[in-house]
Structure formats: structure tokens, C-alpha cells
Number of protein chains: 4
Amino acid sequence: VSEPNPFRADVLLRVRYSDTDQMGTFYNSRALDWFECGRTELLRAMGTPYTTLEAAGVFLPVTEAHVEYRGRARYDDLLRVTTSAEMSGKARIRCDVEIEHAESRAPVARGYTVHAFVDAGGRPMRPPSWFLDALRGANGAGG
Amino acid sequence: VSEPNPFRADVLLRVRYSDTDQMGTFYNSRALDWFECGRTELLRAMGTPYTTLEAAGVFLPVTEAHVEYRGRARYDDLLRVTTSAEMSGKARIRCDVEIEHAESRAPVARGYTVHAFVDAGGRPMRPPSWFLDALRGANGAGG
Amino acid sequence: VSEPNPFRADVLLRVRYSDTDQMGTFYNSRALDWFECGRTELLRAMGTPYTTLEAAGVFLPVTEAHVEYRGRARYDDLLRVTTSAEMSGKARIRCDVEIEHAESRAPVARGYTVHAFVDAGGRPMRPPSWFLDALRGANGAGG
Amino acid sequence: VSEPNPFRADVLLRVRYSDTDQMGTFYNSRALDWFECGRTELLRAMGTPYTTLEAAGVFLPVTEAHVEYRGRARYDDLLRVTTSAEMSGKARIRCDVEIEHAESRAPVARGYTVHAFVDAGGRPMRPPSWFLDALRGANGAGG
């Protein structure tokens, strides 16, 4: 069952000129780069930075990604990326992300990524119990 | 109803070093860049290159994207991107994409993008009849 | 004559996973993306954000770029980008950039970009006097 | 002494929509991505693909990069990247690159990258003799 009110982490970022395309808004694949920024800050806020996970031999490659584009964002616009996570079955984690303009809260994009847990050799592994504890603790705290 | 056997266009591309990340495979957002390469070649093969669409004031911003990651691809690997398209309702077009290793046909990623038809000012517009004719012609030809 | 002590603006940024490559450090072209982040903050700090310049019909395309790579930077490392600018002749501006680790100050990269002043049609133009005043004011203030 | 007429390898590539920015031409850092495409094909044409180098424990990180931007290139334009290489002292290799429109030969960008030879641990190493032989053979052949 999905958490009714999971822990959320926010991060602000600015649209770079390198993110724009000739339509004048951000190029579509940048949303997935920004989802990564959101995940990075969520994991840090949970007390389990992704650098710690990789240092412990736990890698979280993306197995699925979904984005709905909801509004434009222009060069130098300040965006807020809000991310939450929950387990999806026993072996995957799903991160839900929402991107909006930081001040107006006008929507930009939302979606999710699903991640497997694999070891340094790319073999599926169980999520470490310390990670599951951190996730449960965070989501409980948000409930 | 979805075409049972729509027209497909292929394009080959090589994984660039700039596409890799520290996990040693391609970074997840690159799949959406490669989907674009597939779309570009599909539209060209249909006789309606995207440059022609934009020159005619028809823009196709992405409104939704989905990717399933199915296998690794390393620097310098040669990939085949296969793309088909069909209308999704009266005002959207959906492009289905499959990426595999060019020789082994081992899967890399698959997914789709959905696009609105908008004018230069970003306002929704009807797809031009010449574009719908080209799409119907192509997909009929593939049937 | 080059300013002995021009105005400098700082911005912090984190290395994203999408910036890494399979060598485990940032991919070389990202330095130019980061140089842009530095320029954006320098222009804002001068009171002439680049959005204001473009809104006034003044564009600053890069005509030359140079980067020296001086050290590694890994995923999630916090970097400081320090930027200064001065006119290069009457029609170009040169931005000097230094990137270092935010805490250790270990060097990452340094270099510069040179920019022309062009109008919306891409034609060379004189730098607006209000921009030259802002640049002179800023660099004087730093002297 | 620099080779008067070194071996050159060509590769064609198309400007992607993801390469464009809101000025309507390619974003400046993409030139360095394209320089990499040129290098990759040069090394392959020399009989020493970069994958072979890395498999042999030889890495060529960029230590310096320089780009002059000489003309616009738009979405879907077909470009030719022409690359040559020569040793720069005993421990570095320099790749010179020229990018032009494939048909009109109108210039787009030119520049160079300088690379160190390092082992998997990032320690400087001597270039392998088989690599130096391949480079000498190629450049002699072009003379």
C-alpha cells in the first residue's frame, strides 16, 4: 500500500541556457536530469546519501521512467523539485517527483522513476535493511 | 484503434562517451535524446521532416514520455532505434520507440513519447491534413 | 588593459550523476555548462541579468572557449564557480572562470569564454552603454 | 615538429534538437561532444579504437580544450567533423578538429583537445609503443 503522506524533500534549481531548446522552453530529457537532482536530495535528507549507497556497494539504476510535461520553464526560471520515495515490491524503489515554478507554483512536470537494487557487478540484490529502515523512518515521520 | 503493423523507421547511432555515466552504461535521460533521433528519422521517412513541420508553423512539444530500461549499452556500442507513430485522439501523436544493439538485437530500452500540435505561439492547433495524410499513407503502406 | 582586480561573482553547484562519465569524473564538456552558470550569476550580480539583456535585444553568443582541466570532481561534490568579465576590444566581452571544490579549494577547471554582442537577427551590434556602465561600475568596485 | 599533413578521419553527424538552445543554433558545449565523436572515429581509423585503449588500461582524459565558434548550425543540419592527432611532447596527445556543414562546407567550429595518458588509477603513464606506432603510421601515410 502506498504511503498516504510520504516524506518529501525539496530542492531548488535554475533552468540553464544549456537546458533550453529552440522552442524556448527546456528540452524534454532535462526533466529526467532534474528528477535525479530531486532523488539526490531526498536520499541525503533521509540520511542515506546516494554516495553512501554506492560506497556500500548498492547501486540504483533506473528501470523505468515516466514524465508528464505540464508547463513551460524558461532560461533562469527558478524551479522547485519535490521528491518522495517508497518501495515497489521487495526489490524496487519508486521515486515520485513534481517540478513547479518556485514562486508561482505553476506546474512544470511530474512523473516517477523506478530503480532496481544491484551490486557493483550489476547483479540484483536485496535492499540493505539500514536503507529500508531509513525509508520507513522517513515516511513514518511524514505520516 | 492502433495500427497492427505501422510503418517503422530505423536509425543507427553510437553511444558516445558523453552518454555514459559512472555506472559504465548510458545515463538514463539519454534514452529520450535517442527517442528524438528516432522521431526525426521517422518524420523524414514519412516525407514530412520535422524541419518542414516547424517551417509550416507546426510544433510537436512532448507532453508525455515513458521509458523502460531493458539492458546496458556501453561507449561505442552501435544501437538501432526503431520508431513508429500513430495519432492518439484527434490532437496528439504518439511515437513508439525500441532501442536495441544493432548486431545482437539485445534490448536496450523501449517506450514512447506523446506530442501535442501547437503553433509558434504555443497554442494548440489541429494537425494539418497533409501531415495526417502522410501518416496514414505511411502506416497503410506498412500494413 | 586588463583589470587588476575585477569584480567576481561566485555560485555553488553540485556535480550531478548526469555530469559523470565512465571515467568516474565529470565529462569534459560539462565545464562549459558550468561556465554558463558562472556567467549567469555574474551578470545578475552586476545588475544586468542575461534575461534582461535578451529582453533588450542583446545576445551574447560564445565565439571562443577555452578550458584547462585541473582536477577531478565526482558525483555530489560541491563546487564553487567564480567568474569575472571585462571587455575585449570594443565589441567582445571575455568571461574568466575558475572552478574549485567548495571546501578544499582544490582546483577543478579554469578557462574563459569570449562573447560577441549581436541582435536578435544575429547581426553584430555595439554593446549598450548601460551594460558597459554596469561592467565598469562592477569592476571599479572590485578594484 | 607538427606533421605538415597528418592523417585525417571524417565523421558525419546531425544536429539534434537536444543540441539546440533558445538562440536557435547549437549550444556551445556541444562542440566538445562533437569533438569526441571525431576523436572516436580517428582512433578507430588508426586501428586503435578508444575501447581498445581503455581495455588495455590506457585512458586519455582531456587536459585542455579550445573551441572557436565560426558559424551557426541548426537542428537537423548535417555536419562533417574532421580530426587529426599528433603527440604534444612525450606524454600528451593533441587532437585538432574542424566542423563544417557537410554539403556547403560552411564553417561551424574548430579547435583542439589535449589529452594525458593515464592508467586506470588516474596515474600518468607512458603512451604504449603500439599506440605511438599506429599514430606514426597513420600520419606518415597521410604525408
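A salt bridge here is a side-chain nitrogen of Lys or Arg within 4 Å of a carboxyl oxygen of Asp or Glu. Keep that in mind for the views below, which all come from a predicted model.

**Figure 1. The interface of chain D and chain C has zero salt bridges by this rule.** Even so, 13 residue pairs, both at pLDDT 80 or more, are in polar contact between chain D and chain C. On the chain D side, α1, α2 and β2 (62-69) each bring at least two residues to the surface that touches chain C. Of these, β2(D) gives the most, with eight residues. Sorted by class, the side of chain D that touches chain C holds twelve nonpolar, five polar and six charged residues. In all, the contact draws 23 residues from chain D and 24 residues from chain C. Chain D and chain C bury about 1900 Å² between them, and carbon and sulfur atoms give 52% of that area.

**Figure 2. Strand β2 of chain C meets β2(D) in this close-up.** Look for β2 (residues 62-69) of chain C running antiparallel to β2(D), with five bridges joining the two strands. A handy landmark is the pair of histidines: C:H66 has D:H66 as its bridge partner in β2(D).

**Figure 3. Four salt bridges cross the interface of chain D and chain B.** One to pick out joins B:D76 to D:R44, where the closest N and O atoms are 2.8 Å apart. Chain D and chain B also share ten residue pairs in polar contact, both residues being at pLDDT 80 or more. The elements of chain D that give two or more residues to the side touching chain B are β1 (9-14), α1 (30-45) and α2 (50-55). The largest share, seven residues, comes from α1(D). By class, this side of chain D counts six nonpolar, three polar and eight charged residues.

**Figure 4. Chain D and chain B bury about 1600 Å² between them.** Carbon and sulfur atoms account for 42% of this area. Three residues are worth finding on the chain D side: D:R16, D:E36 and D:Y75 supply 37% of the area that chain D buries against chain B, more than any other three residues. The contact as a whole takes 17 residues from each partner, chain D and chain B.

**Figure 5. Strand β2 of chain A pairs with strands from chain A and chain B.** Within chain A, β2 is joined to β5 (residues 107-116) by seven bridges, and the two strands run antiparallel. As an example, A:V67 has A:G111 as its bridge partner in β5(A). Across to chain B, five bridges join β2(A) to β2 (residues 62-69) of that chain, again in the antiparallel sense. Here A:E68 has B:E64 as its bridge partner. Six of the eight residues of β2(A) (residues 62-69) are buried, so the rest of the structure largely encloses this strand.

**Figure 6. Strand β3 of chain B (residues 78-88) is mostly covered.** Eight of its eleven residues are buried. Six bridges pair β3(B) with β1(B) in the antiparallel sense, and B:D10 stands opposite B:T82 in β3(B). Ten bridges also join β3(B) to β4 (residues 92-101) of chain B, another antiparallel pairing. Within that pairing, the partner of B:R80 is B:E100 in β4(B). Follow the chain around and you will see β3(B) and β4(B) forming a hairpin with three residues between them. The turn includes B:G89, which has a positive phi of about 75 degrees.

**Figure 7. B:L13 sits in strand β1 (residues 9-14) of chain B.** B:L13 counts as buried because its relative accessible area is 7%, under the 20% cut-off. Beyond its neighbours within four places in sequence, B:L13 is in contact with B:W34, B:C37, B:D77, B:L78, B:L79, B:V81 and D:R16. To help you get your bearings, the C-alpha atom of B:L13 is separated by 19 Å from that of B:Y50, 37 residues apart along the chain.

**Figure 8. A:T83 is a buried residue in strand β3 (residues 78-88) of chain A.** The relative accessibility of A:T83 is 1%. Leaving out residues up to four places away in sequence, A:T83 touches A:F7, A:R8, A:A9, A:G38, A:R39, A:L42, A:C95, A:D96 and A:V97.

Definitions and conventions:
Residues are numbered from 1 along each chain as its sequence is written. Chains are lettered from A and ligands numbered from 1 in the order in which they are written. This is a predicted model: local features need pLDDT of at least 70, side-chain atom pairs count only at pLDDT 80 or more; totals for chains, interfaces and linings use all residues. Side-chain values use heavy atoms; hydrogens and water are left out. Buried means under 20% relative accessible area, exposed over 50%, partly exposed in between (1.4 Å probe, protein chains only). Helices (H or I, at least four residues) and strands (E, at least two) are DSSP runs, numbered from the N terminus. Two strands pair if DSSP finds at least two bridges between them. Contact means heavy atoms within 4.5 Å. Buried area is the accessible area (1.4 Å probe) that two parts lose on being put together, summed over both. A polar contact is a pair of N or O atoms within 3.5 Å; within protein, one must be able to donate a hydrogen and the other to accept it, and residues adjacent in sequence count only if both atoms are side-chain atoms. Ala, Val, Leu, Ile, Met, Phe, Trp, Tyr, Cys and Pro count as nonpolar, Asp, Glu, Lys and Arg as charged, and the others, Gly among them, as polar.
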